[in-house]
Amino acid sequence: QTQEGSLLSDVCRWATEDRTRFWQMVMLAAFIAVNGLIAIAALPDASIRFAADNLNYVSPAKGMLAFGEFVRIDRPGIPETFSSPLYPVLLAGHFLLFDDRTAFGVVVFLQLGMLFVTGVLARRIIAPYVPKAALFVQAFVVFNPNAIGNAHLIQTDTLFTLLVILAVYYLLDYGRTFRLRTLILCGLVCAVAAYCRPAGLYMVFVVPIAAGLLSLRRSPEGVSWRQVGQGLLGGSAAVLLVAILVSPWVYRNYVVTGVPAFTTNTGYYVRDNVLQVMARANNQSINRAATDFRAKVDVYLRTQGVASRDELNDAEIRKATGTVAFQVLSELPLIDVVSVGIRSQLELYLGGGAGNIKEILGVEGEGMHVLEHFHGVGGAWSSIPAFLSSAPLPYFAMVVVALGWAFIGRCLGLVGLSTLLRSPHWRVGLTIVFLLVYFSAIYGWLGTSRF
């Protein structure tokens, strides 16, 4: 008992010696409590039942264990090229050690740890510029309802976010230390992020621009162009590193499909963007728009002398899908293209993610996503009043909290960004603008809260 009391007093003394450390411990305890309550109240198997695109990760993971190759469990003879491999490999490791239900629970626990580490990185990013706000930023990240909902689901968002923030951390660290090692580490993290989600593949092209910009620091002798050159060279080395690290996977996909691509989901991704505009232009459900689009692809294939999709491999079908998607997009009214684009960006930046927590906890109500996909509410804005008129009070309250969190966060972000751009740290602010432009463009008309 004496030893235990001594140990407890030592831990308490260690936690209270430093103010930041003390609040970190408080934050961690609250984080564990909040997520523990969600886990206890969650529906059985909620982490996999409500996870977006879960088959794209679970099926290849089980295929790897069953056949020793990156294939889907239900298509053992066909190499998987649609999904990037990192997250399925993560799942496969857990399937090897645990039964499915336990594996999903352990992955969720791991993702919650990733979310907390993301908050710590956010604190360290902001501390050199606004030290008094650093702890608040960490808390705002780790208790974000959107991020918490994603972390409780078997999908790539939490891991991808951690990798993006880690890449930003290394990139901005270069602006303070000018160590080339940090740019190489940034490139390495960008490559890992691409293997997690293809949206991260081209993020590295921001690095040489940002590194050169961050090197534009005036001294009594003026701008050091040698330092600027070093930044551009180091950033280019990061791009080269990413190219080297992803090329084996590009070559593997080329060998099995004849298409030199990191993944073969580009055509479908473009299609999903176009479906958003089609549905809202024709005031139809997205599922109905998808049926009409599939018919257009079949017509296109017949004009190319292809009688059946069975004659093509996945890569060829997806290439045709992309071709038709661009053709359909060019024929849609410009006003609908612009309107849906604006709405997409609003969802990307202001979406609260309440729907995920609602599903996990089993709260009644249908979100705008369900209304648009299944109930024919396809206008660019008409799903909003449809949701407001049908949402039960508990779900509506969750939406208000989640949207409020997102809105306050964006307002604070705009204030911070404006302050940076008007300060001696304007290069940091401009670097963040470049990153925001990149992700706004990469998600196009498909902006959702989980992105």
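Which handedness, left-handed or right-handed, does the crossing of helix 17 and helix 20 have? In this predicted model, the crossing of helix 17 and helix 20 is right-handed.

**Helix packing**

Helix 17 spans residues 354-361 and helix 20 spans residues 393-421; their axes lie 9 Å apart and meet at an angle of about 140°. Helix 17 is therefore oblique to helix 20. On the side of helix 17, the contact is formed by Ala 354, Gly 355, Ile 357 and Lys 358, and on the side of helix 20 by Tyr 395, Met 398, Val 399 and Ala 402. Sorted by character, the residues of this contact comprise six nonpolar, one polar and one charged.

A second packing involves helix 9 (residues 157-177) and helix 21 (residues 426-443), with an angle of about 150° and an axis separation of 11 Å. Because an angle over 145 degrees counts as roughly antiparallel, helix 9 is roughly antiparallel to helix 21. The crossing of helix 9 and helix 21 is right-handed. Helix 9 contributes Phe 160, Val 164, Val 168, Leu 171 and Leu 172 to the contact, while helix 21 contributes Val 428, Thr 431, Leu 435, Phe 439 and Tyr 443. Nine of the residues in the contact of helix 9 with helix 21 are nonpolar, one is polar and none is charged.

**Aromatic residues**

The aromatic pairs number 18. One of them joins Phe 31 and Phe 143: the ring centres are 6.2 Å apart and the planes stand at 65°, so the pair is edge-to-face. The two residues come from distant parts of the chain, 112 residues apart. Phe 31 belongs to helix 2 (residues 19-41), whereas Phe 143 sits in the loop between helix 7 (134-142) and helix 8 (145-151). Phe 31 has a relative accessibility of 5% and therefore counts as buried.

One aromatic cluster consists of Phe 160, Tyr 438, Phe 439, Tyr 443 and Phe 451. Among its members, Phe 160, Phe 439 and Tyr 443 also take part in the contact of helix 9 with helix 21.

**Individual residues**

Ala 147 lies in helix 8. Apart from neighbours within four places in sequence, Ala 147 is in contact with Leu 115 and Val 141. The C-alpha atoms of Ala 147 and Arg 318 are 31 Å apart in space, and these residues are separated by 171 residues in sequence.

Val 117 is part of helix 6 (residues 100-126). Ten residues separate Val 117 from Val 107 along the chain, and their C-alpha atoms are 15 Å apart.

Two aspartates have an unusual backbone angle for which glycine is not the explanation to hand: Asp 45 has a positive phi of about 60° although it is not a glycine, and Asp 53 likewise has a positive phi of about 60° without being a glycine. Asp 45 is placed in the loop between helix 2 and helix 3 (46-49), and Asp 53 in the loop between helix 3 and helix 4 (55-67).

The accessibility of these residues is listed below.

| Residue | Relative accessible area | Class |
|---|---|---|
| Ala 147 | 18% | buried |
| Val 117 | 42% | partly exposed |
| Asp 45 | 31% | partly exposed |
| Asp 53 | 42% | partly exposed |

Terms used
Residues are numbered from 1 along each chain as its sequence is written. This is a predicted model: local features need pLDDT of at least 70, side-chain atom pairs count only at pLDDT 80 or more; totals for chains, interfaces and linings use all residues. Side-chain values use heavy atoms; hydrogens and water are left out. Axes are lines fitted to C-alpha atoms, for helices over the stretch in contact, and angles run from 0 to 180 degrees between N-to-C directions. Helices (H or I, at least four residues) and strands (E, at least two) are DSSP runs, numbered from the N terminus. Angles under 35 degrees count as roughly parallel, over 145 as roughly antiparallel, 65 to 115 as roughly perpendicular and the rest as oblique. A crossing is left-handed if the near helix is turned anticlockwise from the far one by less than a right angle, and right-handed if clockwise. Contact means heavy atoms within 4.5 Å. Ala, Val, Leu, Ile, Met, Phe, Trp, Tyr, Cys and Pro count as nonpolar, Asp, Glu, Lys and Arg as charged, and the others, Gly among them, as polar. Rings of Phe, Tyr and Trp (its six-membered ring) pair if their centres lie within 6.5 Å; planes under 30 degrees apart count as stacked, over 60 as edge-to-face and the rest as tilted. Buried means under 20% relative accessible area, exposed over 50%, partly exposed in between (1.4 Å probe, protein chains only).
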